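Got a minute to go through a structure together? Have a look first, then we'll talk it over.

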Amino acid sequence: MSTASTPGAVRDAAGGPVKTGPSRSADRADPGPGTRTAYPLYVAGRLGGAAVSLLAVLVTSFFLFRIIPGDPVSTMTHGAPTSAAQLAALRKQFGLDLPLWQQFTDYCAKALTGDLGTSYQFHAPVGELIMTKLPATLLLTGVAVVIYSALGLWLGTRSAWRNGGLGDRLNTGVALTLWSVPSFWLGLLLIIVFSVGIGPVPGLFPTGGMESGDTTGFARILDVAHHLVLPVLTLVAVGYAQTLLVMRSSLLDEMGGDYLTTARAKGLRDASVRRRHAVPNALLPTVTMVFINLGHVAGGSILVETVFSWPGLGGLFYQGLSVPDLPLVQGLFLVFAGAMIVMNLLADLLYPLLDPRVGR
Amino acid sequence: MKRAPRASGVVEAAGARGAPGLLEIRDLRVTYGSGASAVPAVRGVDLAVGPGQKLGIAGESGCGKSTLALALLRLLPSSARLSGEILLDGEDVLTMKWGRLRAVRWAGASIVFQGAMHSLNAVHRIGDQIAEPVLLHRRATPAAGRARAAELLEQVGLPAARADAYPHELSGGQRQRVMIAMALACDPRLIVADEPTTALDVMIQAQILRLIERLVAEQDIGLLMISHDLAVLADTCDRLAVMYAGRIVEEGPARAVYDAAEHPYGRALSAAFPRIGDPASRRAPRGLPGDPPDPAALPSGCTFHPRCPVALDVCEREDQPLREAGPGRSAACVRVGAAVPAGEQPR
Ligand SMILES: Nc1ncnc2c1ncn2[C@@H]1O[C@H](COP(=O)(O)OP(=O)(O)OP(=O)(O)O)[C@@H](O)[C@H]1O
Ligand code: SF4
Ligand SMILES: [Mg+2]
C-alpha cells in the first residue's frame with residue numbers, strides 16, 4: 001500500500017521477468033496490467049490509449065453539436081430583422097461559410113494548440129470563459145464528490161460487514177431510491193422546502209447563486225458555504241449509491257477470505273479485522289470508482305448548477321446549448337470528457353502501484 | 001523415526017488419563033446449520049495434549065479436522081453450534097467472555113492455517129503481519145515489533161530482510177515458514193498446525209516438518225498437528241489420533257498406530273501412505289475403497305461399515321465407542337479387545 005514500494009517495483013519490472021506467485025489477483029476483475037507486463041510498458045500503453053480517446057472526443061465534440069437544431073447566426077442577432085448580407089458576413093466572420101471538412105480541420109488544428117475558438121454569444125475566447133467559471137464548478141462538485149465518495153465507502157463497508165441485516169437492507173434501499181431520483185427534481189424540492197420554506201420550516205438556505213456578494217474575508221467563506229449546502233446535498237444524495245454498491249460488493253468478496261480468520265485468530269477485535277485487513281483489500285477495486293467520481297468534478301452537474309443558478313461550467317454549458325454556441329459547447333465538452341479520461345488514466349496507472357499482488 | 005529420547009517419557013505421563021493437560025477436549029461436538037440441513041462435522045471428540053507433547057490428527061478430507069482446529073479458538077462461522085468443553089490450561093474456551101477469548105487467541109494458542117497463501121493478507125508486508133500479534137498482546141512498540149519479527153524470521157530460516165516482502169513474493173515453502181514464525185510470535189504454549197505441509201513438494205515438506213519439530217522441542221510447546229497423511233504425522237508426532245466422520249476412531253502412540261493400527265480404517269490409512277509424502281499414494285490412496293461419508297447423511301452403526309473390509313452384521317446396527325486396545329491405546333471397533341460376539345458372522 002505504501003508508496004515506498006513504487007520505485008523498487010518499477011525497477012523490478014525493468015530489470016527482467018517479474019516473479020509472480022499464484023496470485024489471487026488472477027481471479028478478480030483486473031483493471032490493472034497483466035501480471036507479466038512490465039510497468040513502463042503498461043504506462044506507455046495506457047498513455048497511448050488515453051491519447052486515442054482524447055482524439056475521439058475531439059472528433060465527437062465537433063460533429064455532435066452540429067446536429068443541434070437552430071442556426072447560431074440567427075440566434076446571435078436575437079431575432080432582430082437582419083439582412084441576408086449581414087447574416088452572410090457573420091457566417092464568414094465565424095468561418096461557418098466554409099465547407100464542413102475545412103471547419104473541422106481548422107478546429108482540430110486550433111484545438112491542438114490550445115485555442116478553443118471564440119464564443120458566438122460572449123465574443124470572448126472559450127478558454128478564458130471556461131477558466132473564469134471553472135473554480136465555481138470545481139468547488140461545488142469537488143466538495144460533493146469527496147463527500148459522496150467517503151459516504152459511499154463508509155456506508156458500503158458497514159453494509160457488507162453486517163450483510164443481510166436490517167441496517168444493510170435499509171442502507172442499500174435508501175441509496176438506490178435516492179439514486180433513481182432525478183437530480184433537478186430533488187434540487188427543486190430542496191429549494192421549495194429549505195429555501196422558500198414550507199409550513200413551519202423557515203427558508204434556511206439561499207435559493208441559488210454562489211454568494212450574496214456583500215461579504216468579504218471569513219464572512220464570505222461562510223456565505224459561500226451557506227450557498228453550497230443545498231446543491232452539494234443534492235449531488236451527494238443522488239451520487240453516493242454507486243460508491244456504496246461497489247464498496248459493498250467488493251468487501252463481500254473479501255469476507256470469506258482465510259486471511260480474515262487469521263486476523264481473528266490473532267485476537268484482533270472485529271473492528272480491527274475490518275479496518276486493518278478486510279477494507280484495505282476491498283478498497284483496491286474501488287479505487288477506479290473513486291477516480292471516475294473525481295472525473296465528474298469538471299463536468300459537474302449541468303442540471304444541478306442550472307437549478308441552483310450556480311455560476312459554473314454547467315450553467316455555461318446550458319447557455320451554450322441554447323444558442324447553439326458551437327465553440328463554447330465544443331470546448332466544454334472537451335474539458336468534461338478530458339477530465340474523465342485523465343482521471344481514468346490516473347486510476348489505471350495507480351492501481352498496480354497500490355496492489356502489491358499485481359506484477360509491476 | 002527419529003524422536004528425542006526425552007519425548008517418550010513425556011508422552012507416557014501426559015497420555016495417561018486424568019493427567020492435567022495443556023489442552024483437554026471433552027465431548028466436543030460441532031454442527032453446522034440446524035434442522036434438516038444440519039451437518040454434524042465433529043461428533044463427540046475427546047483429546048488431550050500435554051506441554052511439549054505432539055499429537056497428530058489424521059483423517060480423510062471432510063472428516064472434520066479443520067472444524068476441530070477452528071473450534072479450539074472459537075473461530076467457526078456463526079452457523080456452527082458447539083458443545084462440550086475445550087480446556088486450555090484448565091479454562092474452558094467455549095464459555096470464555098469475548099475479551100478473555102481475544103487475549104487467549106494467539107497468546108495462549110496459535111494456529112498455522114491450511115493454505116498459507118490465502119491465510120496471509122496479500123496487501124500487508126509479512127514483517128507487519130508477524131509483528132501484529134506482538135503489538136497487540138504485548139503492547140510492544142513498533143520498533144520492538146519489527147525486532148521481534150526479524151528474530152522470528154531468522155528462527156524459521158528466512159533472512160530478516162524478507163520482512164519487507166509481500167506474501168506473493170515468497171515461495172510456498174517460505175510462506176509456510178512465515179506462518180510458523182507468526183504462530184510463534186507470542187510464545188504460545190500450544191500450536192495447532194492444520195495441514196502445514198500439504199501444498200508443498202516433498203523436499204520442502206520434510207524441511208518444514210523438521211523445523212516445526214525443532215521449534216516445538218526447543219520451546220516446549222504443545223503441538224496439535226493435522227494432516228490427511230498418516231506417514232507425515234507418524235514421523236513428527238508422539239501420539240496419533242485417527243478421525244473418521246467427526247469422531248476419533250483410534251488413538252495411541254504414533255509408531256504403534258502407524259505400524260499396527262487396531263481399527264480397520266487406521267490400517268487402511270497407514271497402507272494408503274506407505275512413506276512420507278509419496279506423491280503417487282497421495283493421488284490414489286491404496287486400500288481405501290469408496291468415498292468418505294457425507295456428514296449430513298451418516299451411515300448407521302459404525303459409520304465406517306459400508307467401506308470396512310471386515311465388517312460384521314452387528315456393525316450396521318451398533319454404534320462403536322472407543323474402547324481400550326492395549327497400553328495407552330484405544331480404538332472404536334467391535335473387533336478390538338473383546339472376541340467377536342457369538343453368532344456374528346463376517347460378511
Ligand atoms: N461453514 C460450513 N458450513 C457448513 N458445512 C461446513 C462448513 N465448513 C465445513 N463444513 C463441512 O463440515 C465437514 C468437515 O469439514 P472440515 O473442513 O472440518 O474437514 P477437513 O477434515 O478439514 O477436510 P480437509 O482435509 O479437506 O481440509 C465437511 O463435510 C464440510 O463440508
Ligand atoms: S466396527 Fe465393524 S465396521 Fe466398524 S471398523 Fe470395526 S469391523 Fe469395521
Ligand atoms: Mg481442513
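Below, a student and a tutor chat about this predicted model.

Student: Let's start with chain B: how many helices and strands does it have?
Tutor: Counting DSSP runs in chain B, you get both kinds of element. The tally is 12 helices and 12 strands.

Student: What share of the residues of chain B counts as buried?
Tutor: A residue needs under 20% relative accessible area to count. Apply that to the 347 residues of chain B, and the share is 54%.

Student: Which helix gives the largest share of the largest nonpolar core?
Tutor: That core has 104 residues, and Leu23(B), Leu28(B), Leu47(B), Leu68(B) and Ile180(B) touch the most other members. The largest share of this core is seven residues, and they come from helix 7 (residues 172-184) of chain B.

Student: Leu28(B) is on that list. Which leucines does Leu28(B) touch, leaving out residues up to four places away in sequence?
Tutor: Contact here takes heavy atoms within 4.5 Å. The partners of Leu28(B) include Val42(B), Arg43(B), Ser83(B) and Ile86(B). The leucines among them are Leu68(B) and Leu94(B).

Student: How do the residues around ligand 2 divide into nonpolar, polar and charged?
Tutor: There are 13 residues around ligand 2, and those that come nearest are Cys302(B), Cys308(B), Cys315(B), Cys333(B) and Val334(B). Cys and Val both count as nonpolar here. For the whole shell, the split is nine nonpolar, three polar and one charged.

Terms used
Residues are numbered from 1 along each chain as its sequence is written. Chains are lettered from A and ligands numbered from 1 in the order in which they are written. This is a predicted model: local features need pLDDT of at least 70, side-chain atom pairs count only at pLDDT 80 or more; totals for chains, interfaces and linings use all residues. Side-chain values use heavy atoms; hydrogens and water are left out. A residue is near a molecule or strand if one of its heavy atoms lies within 4 Å of it. A nonpolar core is a set of buried Ala, Val, Leu, Ile, Met, Phe, Trp, Tyr and Cys residues joined through side-chain atoms within 4.5 Å. Buried means under 20% relative accessible area, exposed over 50%, partly exposed in between (1.4 Å probe, protein chains only). Helices (H or I, at least four residues) and strands (E, at least two) are DSSP runs, numbered from the N terminus.
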